[in-house]
Amino acid sequence: RLVVPAFGGSANEDLIVESIPKAEKALAALDGAFGKQKYFAGATPTLADYFTFPLVAFMEMTPEGKTLLDATKNLGPWSALMAARESAKKTVPPAL
């Protein structure tokens with residue numbers, strides 16, 4: 001949805017549709033990892049947060065990803081919290 005069109009190709013819509021249930025399953029697992037904490041492993045960000053955030057940020061750039069993330073309880077607020085960090089502001093690329 002993002003990378004192939006950025007290089008002049010066309011997104012494979014069939015593959016995107018086929019991937020949605022897999023993405024839902026993965027996002028449900030991530031969403032359930034929070035418990036009552038703000039970050040994956042507690043009150044402060046860890047490598048788990050820093051490695052996961054770019055994937056979620058790219059998902060938010062697609063209509064399908066945005067819809068899937070909006071359906072989660074914890075990932076949306078977590079993503080906003082991560083995006084507000086100065087390091088994220090300096091490194092998140094503009095939408096492709």
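Modeller: Exposed means over 50% relative accessible area, buried means under 20%, and partly exposed lies in between. This is a predicted model.

Biologist: Is Asp-70 buried or exposed?

Modeller: The cut-off for exposed is over 50% relative accessible area. Asp-70 has 53% relative accessibility, so Asp-70 counts as exposed.

Biologist: Which residue forms a salt bridge with Asp-70?

Modeller: The partner lies four residues from Asp-70 in helix H4, so about one helical turn separates the two. The partner is partly exposed, with a relative accessible area of 40%. The closest N and O atoms of the pair are 3.2 Å apart, and the partner is Lys-66.

Biologist: How many residues apart in sequence are the parts that Arg-1 and Glu-64 tie together?

Modeller: Arg-1 forms a salt bridge with Glu-64, with the closest N and O atoms 2.6 Å apart. Arg-1 lies in the segment before H1 and Glu-64 in helix H4, so the parts tied together are apart in sequence by 63 residues.

Biologist: Which residues do salt bridges with shared partners join into one network?

Modeller: Arg-1 forms a salt bridge with Glu-64. Glu-13 forms a salt bridge with Arg-1 as well, the closest N and O atoms being 2.8 Å apart. Salt bridges that share partners thus join into one network Arg-1, Glu-13 and Glu-64.

Biologist: Where does H2 bend?

Modeller: Helix H2 covers residues 13–32 and reaches 29 Å from its first C-alpha to its last, close to the 28 Å expected. A proline, Pro-21, follows the bend within four residues. The bend is about 35 degrees, at Ile-20.

Terms used. Residues numbered from 1 in each chain as written. Predicted model: local features only at pLDDT ≥ 70, side-chain atom pairs only at ≥ 80, totals over all residues. Heavy atoms only, no water. Expected span 1.5 Å × (residues − 1). Bend = angle between axes of the 7 residues up to and from the residue. Salt bridge = Lys/Arg side-chain N within 4 Å of Asp/Glu carboxyl O. Buried < 20%, exposed > 50% of the residue type's maximum accessible area, 1.4 Å probe, protein only.
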